[in-house]
Amino acid sequence: MSKSTKFRSIAGLALAGAVAISLAACAGGSESTDAGAVAGGELVTVGFVAVGPEGGWRTANEQNIQDSFSKDNGFELKYAPATNGDQNSQITAFTSFIDEGVDVILLSATEATGWESVLERAKEAEIPVVLLDRGIEPNDTELYTSRIAPDNVGISASAAEWANGQFPDGANYVVLEGPPGLSVVNDRNKGWDETIDANFTKLESQSANWSTEEAKSVFETILKANNNNVQLVFAQNDEMGLGVALAVEEAGLTPGTDVKIITIDGTKAALEALAAGRLSFVAEYNPLFGDTAIQIVKDALAGNSVESEIVVPSVTFDSPEAAAEALPTRKF
Amino acid sequence: MSRDSSRASSESIVTRVIHRPYVWAIVALLLLLVINLGKDPAYLGISVNAATGNLSGNVIDILRASAPIMMIAVGMTLVIATRGIDLSVGSVMAVSGAVSMEFMSTAGGGTVGEALSAAALALAISAALGAVNGVLVSVVGLQPFITTLITMLAGRGLAKVITAGQNTSASNESFRWIANGTVFGFPVVFVIAGIVVAIVAVLVRRTALGLMIESIGINPRAARMAGIRPVGILIAVYVVGGVLAGIAGIFSTASVMTVEVAKTGMAAEMDAILAVVIGGTSLAGGKFSLTGSVIGALLIATLDKTIVFLSIPSSATPAFKAAVIVIICLLQSQRIRALFARRRSGPSSLTPPPRSPAQPRKESVSA
């Protein structure tokens with residue numbers, strides 16, 4: 001009996017001690033972070049809910065944002081990439097940024113839908129939200145401050161205009177899309193379909209999931225199904241366009257003369273291929289808009305009114321010379 | 001066993017093949033080819049490409065596309081036969097591709113030696129990942145599903161670390177030849193895949209290894225009582241699975257000479273499992289059929305190519321693929337077949353199906 005009470009009291013003491021230590025640790029922790037914030041002075045904390053590794057374009061974009069929102073520019077950026085492109089992990093990161101009370105949240109959503117409730121919470125907490133690149137559905141501009149992105153519809157329309165000029169008498173063409181249902185894919189299809197002339201024949205529109213390997217496999221079959229009678233390919237990203245070029249070469253045709261290939265993104269690999277004549281037209285989807293983002297964030301924090309839609313200017317490359325000229329300074 | 005084989009020898013080859021579980025996969029394969037022929041009567045034609053001098057044709061494309069699936073399906077068959085599963089094959093493909101591309105782009109010489117070293121390095125790391133799976137399953141006793149799920153997530157992470165998250169390209173003609181070259185007109189990948197399958201088949205069917213694998217899958221305890229040490233065999237099976245996935249990774253990255261860390265080998269484990277199931281190997285372990293898995297891999301490649309050839313819209317692709325596979329699985333199901341047999345032979349034979357579906361099938365299986 002006495003043994004057990006003794007044990008109990010010891011256990012109680014130990015427990016109390018443990019609680020005290022952990023409390024002290026907690027207090028210490030919060031003190032140190034407070035101190036850090038105070039020492040930082042005017043630093044604006046920015047939570048960046050990001051997509052994470054996806055491809056050359058995304059890496060360049062997120063690196064640019066992280067470089068722009070630097071301590072030297074007066075920001076403290078908290079980078080939260082999604083785990084394997086999962087929207088749930090993004091929502092969790094978004095909510096914890098609200099709870100932490102960051103000053104601004106930047107969001108590149110992996111999925112367009114399902115953001116209403118968390119955006120509502122950010123609004124209640126009076127935290128401005130700036131969407132980077134990816135939009136949300138339904139597009140309720142009340143829920144966020146501004147969206148900064150290149151114009152997908154306009155970019156693919158410029159690609160279609162180039163095609164119209166190249167083939168005044170029309171041509172047989174194939175579209176290689178990203179995964180069905182993405183807003184990027186819908187916008188790129190929309191711009192193309194609205195602009196391409198009526199004398200063009202769309203043989204096929206297939207998804208190759210943004211992948212070089214799949215694009216090569218899909219296009220070798222498309223060539224066989226159409227007896228090589230394809231003059232133009234609209235690949236909705238660089239990687240797929242490069243896969244198409246490989247399939248064309250394998251079939252014994254010459255990319256650029258037998259089959260002209262259009263791609264969107266403008267990564268280094270695509271410009272190199274354009275300079276070598278393997279691609280015919282590359283429309284840039286400019287990932288470098290960190291400076292614009294900083295301006296918008298500053299305006300939003302100062303209470304100035306900001307445009308809800310800001311288009312990032314993008315250029316196009318229509319010749320090997322243009323590509324060769326741009327290559328040395330290409331950042332992505 | 002002896003009774004089975006004596007009975008089998010008295011039956012004609014045709015009857016024997018008809019009773020194989022993968023007969024429906026062959027029927028489906030032929031049906032797909034017939035459908036393609038309906039769209040283009042020259043579908044099966046093989047011609048010599050004037051520009052490249054290689055054989056070219058849809059069948060050649062199918063053989064080429066089936067090679068990586070065949071590799072992972074054969075590995076998966078052995079793992080599943082031990083009552084395991086290997087979800088990490090797709091990630092191992094990515095790691096293997098990442099290692100070889102990173103090695104060759106750093107070396108940059110484009111020589112045959114570099115291609116060989118890159119392949120050897122990739123296979124060694126794939127084997128190591130397989131060994132991690134094997135040790136965790138056999139020595140530590142973790143569930144194969146959880147173990148390989150961990151390696152699946154960790155493997156893709158590893159591939160991203162190796163390439164710093166970038167899609168990495170390299171140029172090396174010898175390495176490219178593996179996926180794009182031809183030997184006597186046949187695609188090199190398919191020839192290599194055939195040789196590898198033959199080696200595995202000889203190893204498991206001409207030695208006691210296959211029987212030991214099956215006995216572990218049928219009843220691990222009885223197998224141990226009978227003197228079979230499961231640890232070594234399990235590790236060996238997962239290592240073989242890893243190496244085969246590594247070969248598949250080399251095949252698929254060599255085809256475009258680029259590793260796409262987020263996409264190479266994506267969902268490949270699903271194709272492998274499907275090929276195994278279509279080939280008639282039960283997911284409950286035990287008896288397995290390498291021939292069946294090879295046919296399953298050919299069917300999946302044909303299905304993928306048919307979808308594009310028939311211009312089925314991308315949004316309907318997964319549904320089409322699923323429908324074909326469900327139909328094959330239903331046709332293979334013993335219960336469904338018994339139902340049909342009963343209906344055909346009338347009410348006189350209203351007996352329950354002779355074997356419950358959970359029991360391993362009785363067909364004597366040969367590679």
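Helices and strands are here runs assigned by DSSP and numbered from the N terminus, and with that convention R278(A) can be placed in the loop between α9 (268–275) and β10 (281–284) of chain A. The model is a predicted one, and R278(A) is a convenient residue from which to begin reading it. A residue counts as buried if 20 or more other C-beta atoms lie within 10 Å of its own, and R278(A) is therefore buried, because 21 C-beta neighbours fall inside that distance. Setting aside the residues within four places of it in sequence, R278(A) is in contact with A245(A), P255(A), G256(A) and A273(A). Its C-alpha atom also lies 7.9 Å from that of T254(A), a residue 24 positions away in sequence.

From this loop one can step back to the wider annotation of the chain. An unreviewed UniProt entry lists residues 47–304 of chain A under "domain: Periplasmic binding protein". In the model, that span is 43% helix and 20% strand, and the C-alpha atoms at its two ends lie 21 Å apart.

Some backbone details of chain A deserve a careful look. Most residues other than glycine have a negative phi, and most peptide bonds are trans. The peptide bond from E137(A) to P138(A), however, is cis, with omega near -15°, and P138(A) belongs to the loop between β4 (129–132) and β5 (146–150) of chain A. Two asparagines depart from the usual sign of phi instead. N209(A), which is found in the loop between β7 and α7 of chain A, has a positive phi of about 50°, while N227(A), in the loop between α7 and β8 (232–235) of chain A, has a positive phi near 50°.

Are these two asparagines, N209(A) and N227(A), buried or exposed? N209(A) counts as buried because it has 20 C-beta neighbours inside 10 Å, whereas N227(A), with 9 such neighbours, counts as exposed.

The helix α7 also leads to the contact between the two chains, which takes 28 residues from chain A and 29 residues from chain B. On the side of chain A that touches chain B, the elements giving two or more residues are α2 (56–68), β7 (201–207), α7 (212–225) and α8 (238–250) of chain A. Which of these elements gives the largest share? That share, ten residues, comes from α7(A). By type, the residues on this side of chain A divide into seven nonpolar, twelve polar and nine charged. For the complex, the predictor gives an ipTM of 0.83 and a pTM of 0.82.

Turning to chain B, helix α14 (residues 290–309) has 20 residues and reaches 28 Å from its first C-alpha to its last, close to the 28 Å expected at 1.5 Å a residue. This helix, α14(B), is mostly covered, with 19 of its 20 residues buried, and it is followed by S311(B), whose phi is positive, near 55°.

Confidence should be kept in mind when reading chain B, where the mean pLDDT is 87 and 90% of the residues reach 70 or more. Over residues 1–6 of chain B, pLDDT stays under 50, and the model has three contacts beyond four places in sequence for that stretch. Residues 349–367 of chain B likewise have a pLDDT below 50, and this stretch has 32 contacts in the model beyond near neighbours in sequence.

Notes:
Residues numbered from 1 in each chain as written. Chains lettered and ligands numbered in written order. Predicted model: local features only at pLDDT ≥ 70, side-chain atom pairs only at ≥ 80, totals over all residues. Contact = placed C-beta atoms within 7 Å. Helix = DSSP H or I, 4+ residues; strand = E, 2+ residues; numbered from the N terminus. Nonpolar A, V, L, I, M, F, W, Y, C, P; charged D, E, K, R; others polar. UniProt positions renumbered as here; feature names shortened; annotations may be inferred. Buried ≥ 20, exposed ≤ 12 C-beta atoms within 10 Å, placed from the backbone. pLDDT = per-residue confidence, 0-100. Expected span 1.5 Å × (residues − 1).
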